[in-house]
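Please look through the sequence and the three-dimensional structure shown below. The paragraphs that follow lead the reader from pairs of charged side chains to enclosed space, and then to strands and a single cysteine.

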Amino acid sequence: MSRDVRIRVFILLMTATFVQPQYEQTADNLVELYPYGSGQRDTTLDSGDDLQSPASKLDYGLVFYGQRHWSIYVNTNGLISFNNGLPDHSETPDAFPLGNLETYPGDTYYNMIAPFWGNVDTSRRGNIYYRQTTERLILNQATEDVRRYFTEEQDFTALWCFVATWEEVSFFGRTDEDNPQDHRNTWQVVLATDNRATFYIASYRRVEWTTGVESGGSAYTGTGGTTAQVGFNAGDGLSYFTYGGSRTADIINLPWSSNVEEPGRYAYRIDAYKVDSGGCGGTGRLHFFPHWGNLLGGDRLLVGGSCWDTNKPYFLRIGIQEFNCTYESVFRLECITPPFYEIGDIRVDLSQDGGVTYPYNGRWIIEPPIQGKLDHKVTRIDSHLNKWNVAGHDLEITWDKNEFETSYVTIEAMSYREDLNFPTWELLAELLYQEVNDGRATFMGRPVEGATHTMAVGAIRIRPFEGSPRRAIWTDVHMLGYLLEEEYQLDTHVWAGDECHTFYVAQEGAVNFRKDLYYCPCNLTMAIADFGRFEPDPDCTMEFYNSPCTYHPGAKHCVFTVYNNHRGSGSTCCYDWEEHLIYVGDDPVGGYSSEAHIWGQRPYNQAGRVPALSWYKADFLYFYECCIWSENCGYYQQSRPTADCWEYTPARPASVYGDPHFVTFDGTEYTFNAKGEYTLLKWNIDPEFEIQGRFTQVRDVDGMPMQATELTALVVKEGKSDTVQIEVSQRRNLEVGVNSRLIDFDDDITRVDFEDVSVYTPDRIDPTTPLNPINPNITEVYVRFESGVGIKCQSHNAQVMACIVSLPPTFKDAAFPDLVGLLGNYDYDRSNDLTAKDGSVTSPNADDQTIFDDFGQSWEVNPSMFHYHTGRSHSTYQDDDFVPDFEPPDESTLAPDVRENMDIVCDGNKYCEYDVKTTGSLTYGTATKSAYDIHWSFANDTFKETVCEYMRTPINGTKEFIWPYVSHNMVDSKAHFTCDYPYTLIGNYVRLCEEKDEDMGLIGRWTGIEQHNDCIDFGCPPLNTLYHGGYEWDYASTVYPICDPPYILYGPDFRTCQNGVWTGHRNECYVNLPTVGEIILAVAVVVIFVVIVLIVVYVLHRRSKKNEQGGYSDEKGYPEEIPTTDYKEPLDDDNTQYVDETDDLESSTHKETTA
């Protein structure tokens, strides 16, 4: 050894001796490692220095910092990398973050997991093992660990794990000369995923060295210098996370420290853009499981976010409800939720001093118990049968017995009440006491004294026999007919009929809650396109697999209004299989208007405003009393009619999709390939509204950047609403953030109400995969505002998204400067759609470069509303120097199979062909064509239809559309009305829907009188039907017959029912009935004409007779001889034959004259 080397080693030894002797540990800790080694079918990495494993092709895509990876590398030097190996450690690596924001094929990627990134050398000692596994023992252990360390992940179940173990490894440059110490390290990494989230569990059994000699470490002890790095690096040069004293001398304490209260063990969630720590160390932000709660309460809510103390009094405040919590472990508290009377994303505060201060906070979602939306934890068996409507039958319920740890439960019927001017739950009956908790129970319905109409809405609650009285699980909210009072049970039809009639009479004098409701769209296409104002009914929708349509059997699809009107009301619209609107007045399976909106009305926590529950009280109860328990559905149909589509005005769409291509609200199509963040739409009138979009550079099928861009993020806000951001993600296709907080939608939560905005993701159940029925990817997101504006974004390949914006007619005729942005105006004038920020207008026929320069670039956002991940900002994405290719590449550059199939996929669509040529991807082109077709389907099929106002089917009568005329209240519909005996038809017998040109434009009007048709029992025999007219009614006992033009009324002008008899005589409608004088004159003319005809006939007869009597004669006057061969018997001398004909003729003439 040279003198210089000896001096350098001496310096390193002295540094290690004096700098960090206090951290040296020589004994292993007892942290548990997952099974590993050759006996576990592990692969062993070759011994040596600076090596890497071959790429391991993964069975599950592993998400790390938002990117999904399908291959992984194990590197000798204590790290796991993606995309490529990172074996080199010849020089001290730079500290995190490493990498570049944009990397391309051929570049080195630095996305890595570094449990101990130091210079490891296994040439002489130690082994490195790794494997991916679905072994049940390993999966169960990973599942248990994740659930223990992460309070909010109690439903996590590992589907796949990757296990990598560094056993007894030493450092590079270690000298054996005069070195009695054998410094070795042992650690293990487990990666676990459920195909949604990725968790990292690291275990450090021994750390005796920290540094290789190339980084200044001691050749004897492996300490000193620049120590190893520990943590995660996203590879974008911006995002990273370190722990355990990374690059400090404290790293040697890894086996004796922890973030999960277990020495040597560390746990993190690493799939999102921000690494989340397990355990109880935190910043005061609370974590919850379950992620949402039921409005009915009784949930066991686990709360994490700090290290809890068993001796402190904890109080949790959710909205206006405050209640105590109990200590379960250092990681979590247990809180039993009370009933709530509000829904949505609710603020939560936690106190640990008995309610004096609340230093911890978070947000929790409360959902309403709506039929078809959530699986209730207690199931009523055969709930559709009538035995649940009356007492005296055995009723059965089931539940998961593991919900409670107790052996016995108490089962109760709870009634929901609002008649006390505030919402409350009240015990109606104890059904079973100290019942065995075996998951099934049977009880008999019985009348409960005092259980009147006001107590008819409720649910069954099951509580543990011992323990917290608040802990409970519930059935669905339903009608408690099986427990109502004796009077109901004795004659259900009469009892319910009386209640229904009382309701009907009260409604006649009540405030018209239906005023200002959104009109129902006239057909299903309109309803789907108007997604800003209407959303699917979860009980009857095409979107949910096997949707039951419990109360709309036979309907194809139902929607209801997203928000209530100013009276708190809403409406449901249902469509038949021909996609026409169903009116409940014609068919009871149609949709009803509702006095209380299904989603409630802000501010909540008041009678009549509670989501779902107030609707059950104000609407659903009377539906049962009128339509189910009695035969008075007509009263309910008149009080809760379908919102008519007569004055419905469709929403207008605008779209952005593909490469990117735009269609404005007025229908202008253009392409704008900018790189950065731009204003898509801005409404400058209070409440202001804005949508911003982010466009990033397109990659082709080989990953190479193209001179084109695509929409990858969108952010939107209206007035004082929360800000919603949608972003393309390889983690879940689309990510949704609200006020910079990631909302992790799962299979139970599809719709969440935030401040003045709701977010909805359609059901993701896949019936083709029964073993894994939930698709973790979000492919569609709907954002809806109280103004009726809706945004729908789709992404099916985690690369690009297409968004369509739906504007309600309240924005109609809006243009610059009120309505601005890349999506143009809404004034039916395409010529001004491309208006720049300074007001200058570019022709829609201009070329792409002119549109790019003069119009598009002017709409760069200022300021940005986007939330940015670590180290990013608007300038990260904005590239004002980017110049796109204004023409796509020639198709000759495409792969042969792509070129051959492009015509089939695109079917002549120029935007699809443009994008296939640019990206080389048929999948990309398919997405473009799909978005284009969806837009124009909405735009072309949603022009306002001319229809007539709905004419209801009268109670105690019928309405039929007459074939072959059209139906469904469209122009040329012809409706025929009749009444049952002894009812009299008010209104017209037949009505025709005609198109009229009025001040408001083309509009449909029914022929006949203005009063709607009705069937009234006046106490008199029914009046005759006026086949060309109808009767108006004074709402007392008098009717006024009116004839349709040009018919003229015959009979009295009015008739009154008095003492069972109608005054006056029968009415009829005739066309131009002549006067008496006109009748006499007409008869005289006919008689004279007939007489003249008879005289002429008689004269001709007589002349003919004379000729026959004289025979034929020659010139001398002698009779001509008749040949014997042609002889016939002569006529009788008295000419009886002629006399008889004359008599017949005279007789006939006499009859006509008499007539």
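In this predicted model, the side chains of Arg196 and Glu153 meet in a salt bridge, with a distance of 3.4 Å from N to O. Arg196 belongs to the loop between β9 (185–193) and β10 (198–206), while Glu153 belongs to the loop between α2 (136–149) and β8 (160–171), so the pair ties together parts that are 43 residues apart in sequence. Are these two residues buried or exposed? Residues count as buried when their relative accessible area is under 20%. Arg196 has a relative accessible area of 13% and is therefore buried. Glu153 is buried as well, with a value of 2%.

Side chains of opposite charge can pair when their charged atoms come close. A search of the whole structure finds 55 salt bridges. One of them is formed by Arg300 and Glu334, whose closest N and O atoms are 2.4 Å apart. This pair links distant parts of the chain, since Arg300 is in strand β17 (residues 300–304) and Glu334 is in strand β20 (residues 333–336), 34 residues apart. Arg300 is partly exposed, with a relative accessible area of 33%. Glu334 is also partly exposed, at 24%.

Another salt bridge joins the side chains of Glu403 and Lys377, at 4.0 Å from N to O. Here, too, distant parts of the chain are linked: Glu403 lies in the loop between β24 (394–399) and β25 (408–417), Lys377 lies in the loop between β22 (360–367) and β23 (378–380), and the two are 26 residues apart. At 23% relative accessibility, Glu403 counts as partly exposed. Lys377, at 39%, likewise counts as partly exposed. Salt bridges may also share partners, and in this way Glu153, Asp194, Arg196, Arg269, Asp271, Arg731, Arg732, Glu735 and Asp744 are joined into one network.

The next topic is enclosed space. Rolling a probe the size of a water molecule over the atoms shows where empty space is left. How many cavities of 30 Å³ or more does a search of the whole structure find? The search finds 8 such cavities. The largest cavity holds about 400 Å³ of space. Its lining is made of 23 residues, and those closest to its centre are Asp537, His552, Thr572, Trp615 and Phe620. Four elements give two or more residues to this lining, namely β32 (557–561), β33 (570–575), β35 (593–594) and α6 (613–628). Which element supplies the largest share of the lining of the largest cavity? That element is α6, with 5 residues. Sorted by class, the lining comprises 11 nonpolar, 9 polar and 3 charged residues.

One of the elements in this lining, β32, deserves a further look. In β32, 5 of the 5 residues are buried, so this strand is largely enclosed by the rest of the structure. Strand β31 (residues 534–536) pairs with β32 in the antiparallel sense over 3 bridges. Within this pairing, the bridge partner of Pro536 is Val559 in β32. The pairing of β32 with β33 is antiparallel too, over 4 bridges. There, His557 stands opposite Tyr575 in β33.

Further along the chain, Cys948 is placed in the loop between α12 (922–941) and β53 (957–961). At 0% relative accessibility, Cys948 counts as buried. Which residues does Cys948 touch, not counting those up to four places away in sequence? Cys948 is in contact with Trp646, Asn969, Cys993, Glu994, Gly1004, Arg1005 and Trp1006. As for Arg206, 742 residues from Cys948 along the chain, the C-alpha atoms of the two are separated by 83 Å.

The last topic is an open sheet of 6 strands, which has the order β58-β55-β59-β60-β62-β63 and antiparallel pairing. The edges are formed by β58 (1014–1016) and β63 (1061–1062), each of which has a single partner strand, so one side of each is left without a neighbour in the sheet. Within the order, strand β60 (residues 1038–1043) and strand β62 (residues 1055–1058) run antiparallel and are joined by 2 bridges. In this pairing, Val1039 stands opposite Arg1055 in β62.

Conventions. Residues numbered from 1 in each chain as written. Predicted model: local features only at pLDDT ≥ 70, side-chain atom pairs only at ≥ 80, totals over all residues. Heavy atoms only, no water. 1 Å grid on protein atoms, 1.4 Å probe; cavity = no way out; pocket = protein on both sides within 12 Å on 5 of 7 lines; lining within 4 Å. Points joined across faces, edges and corners; volume = space filled by probe spheres on them. Nonpolar A, V, L, I, M, F, W, Y, C, P; charged D, E, K, R; others polar. Buried < 20%, exposed > 50% of the residue type's maximum accessible area, 1.4 Å probe, protein only. Pairing = 2+ DSSP bridges. Contact = heavy atoms within 4.5 Å.
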